[in-house]
Amino acid sequence: VPEELCIATSSDLVIDGANGVCADTRHAAGQPLSASTVAPLVVLVVIAAVLSSRKVARAHRAAGLGVLLALAALPGGYALLFERADRPSNLAAATAPIAALHEAIRDFPAVPHVPHGPHGTCTVESACLACEPIARLALIDRGCAPEQEIVLHADALRAGCRVEGARLRCGHAAEERGP
Amino acid sequence: VTPLWLALPALVVFCGVGAALEQLAGVRARWVPRDAPLDGIAWISHGAALYVAFVVHPGLGVALLALSFLWLRRGLEPSMPDPVPATSSAAVTVALLMVALATLAIALSPPVPIAWDELVWLSRARVGTAGPFALADRALDPRGGLVPSGYPIGAGALSAALSLFADDLRSLTGGAGALVVFSGAVFALVLAESKSVSRRVVFAVIAATPLVWVHLRTGMLDLPVGLLVAALALSLRGAREGDARLTRLALPLAVLLASLKDEGAMYAVVIAIASLLPRSSSRAAGKDGTDLRASILVIVTALSVLGVWRVRLALAGVAAEHHAPAGFSFAAMGPVLRELGRAACDVRSFGGSLAVIVVGAVMLIRKGDDRALAWALAGCILATLAALAIGPDAVRSFAATGTLWPRFLLQLVPLGAVVVGAGWRASIQIAADG
């Protein structure tokens, strides 16, 4: 799987973070199952079946099972420790934009607690898929004044937010971002 | 740091309610003192289940209170006095150590939700912070805009209580983390007290599943549901072994499963049915009928919790957005099955655990004395496929686009690990018997 398909950014974390260690299944969805996809599981099942045979001594079976589980967990473990956006060395940096966007949206509405709809009573214009559940969490029990509007551009998680009059703008419009 | 300590007041209250219930039912005096950790988690489970039942509908709460009392006082009677625990206290110590390590891993994570569904679940919990019944009121309001509509409310209500009804991000994340820790503690302590399961193998299989470590640090519900499913299976297995200490957990676990997620009720029913399958030997084998009563009770309770909520939704005019049957579709099953296969082949997410579970389940069905566990696992998969065959297009779409099966398989990893652990112990027993 090419490196860019693994969970690389905070946006990827929100969209795909819990669907797999990397986003393998979602990115390949709809394509036919190839031999290279199925082969690792088949090999693992065959090895596990051989280890479970009564011909294998109990001590060897225990060691074999341990080695099998440890070796098979290595690719995923490596991705967790060194590749994913939420790897230990990058965890704070990956979660900070999510917390910042949430706080910016939550602090914006002028009318407290007017529950109505997934975004409270706020108008949200969003070009940012990963921002959708964050906005829902921030606004679920919030209300906005009629003239208030929240605009979430595609790079909202990366670029942060600013208040422009009655509008909260997060990220930059496409023409502002340049090529 | 994720503030898991915020859950302590709610856990103490739940524990007090559960202890009072068992005391009133005359159960407590019969337990062995060494069982303190299991007693504690059983009391918390009773209290949490009663709280969730009251939130779903006060009438359901009253009914569950009466049913729990009768079950503890009369239903478990033939299994008492309790057998001498078959496991050493070292097993309990190891279980507590595992829970402590998991707690540490969650506590040291930043208190920020990172996954889509985690954010969605926390938004429900945030509504629940306005009071115990606030989430039910909002969910039953057709104009309330709780998206997706019609979902069970147990997780949000419980999570809000565990976050001390505070609505800031840190507290909400702490409440969700506490729910994961609670589920892990239930599973670990029930496993520690279960006979004829290799606990080392179970922990090894779970720990060697990389996706478990991803979910451990999130407030996603898949891992808690999976841990409670496995705990329920072991609890009902305890009923067959005549171990009332484990059997008393079946009722609260059924309530919690049915109120956390829709598939939770399905799992509870499947496991209860599987636990009634005949075993190859007559050892203990619930001759007093406790196992039959426990299984029926689990089925009735799980369906009641789900049914009461569905009836309330229907009366309020709220559509179950993702859970209304769309009619049988054979054609839709092709992509669904293909993506199930793809998810099972995702070695980066599941390591070798699914391969070991498949082999362990086949071995247990062929040779072991615990076929019920293996059939429960197979039954959960078949029931999910059947539900998708008649299920709504939205959930079929989740399955066909690769976002449903990885999490579904993760839910079954703890039960699968128990199957491998039971198969392992059975193979040793067979070898010892010559």
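For sorting a cavity lining by class, Ala, Val, Leu, Ile, Met, Phe, Trp, Tyr, Cys and Pro count as nonpolar, Asp, Glu, Lys and Arg as charged, and the others, Gly among them, as polar. Keep in mind that this is a predicted model.

**Exercise 1.** Work out how many cavities of 30 Å³ or more the structure holds, and describe the largest.

*Solution.*
- Step one, the count: there are ten cavities of 30 Å³ or more.
- Step two, the volume: the largest cavity takes in about 160 Å³ of space.
- Step three, the wall: 13 residues line the largest cavity, and those nearest its centre are S52(A), L65(A), M363(B), V420(B) and W424(B).
- Step four, the helices: chain A brings α3 (35-52) and α4 (58-83), chain B brings α18 (353-367) and α21 (405-432), and each of them gives at least two lining residues.
- Step five, the classes: sort that lining and you get eight nonpolar, four polar and one charged residues.

**Exercise 2.** Now take the second largest cavity: which element supplies the largest share of its lining?

*Solution.*
- Step one, the volume: the second largest cavity comes in at about 80 Å³.
- Step two, the candidates: in chain B, α11 (222-241), α14 (262-274) and α19 (371-390) each put at least two residues into the lining.
- Step three, the winner: α11(B) has the largest share, with four residues.
- Step four, some names: A233(B), L236(B), R237(B) and R240(B) are among the lining residues, and so are I271(B), D370(B) and L373(B).
- Step five, the classes: this lining splits into seven nonpolar, one polar and three charged residues.

Methods
Residues numbered from 1 in each chain as written. Chains lettered and ligands numbered in written order. Predicted model: local features only at pLDDT ≥ 70, side-chain atom pairs only at ≥ 80, totals over all residues. Heavy atoms only, no water. 1 Å grid on protein atoms, 1.4 Å probe; cavity = no way out; pocket = protein on both sides within 12 Å on 5 of 7 lines; lining within 4 Å. Points joined across faces, edges and corners; volume = space filled by probe spheres on them.
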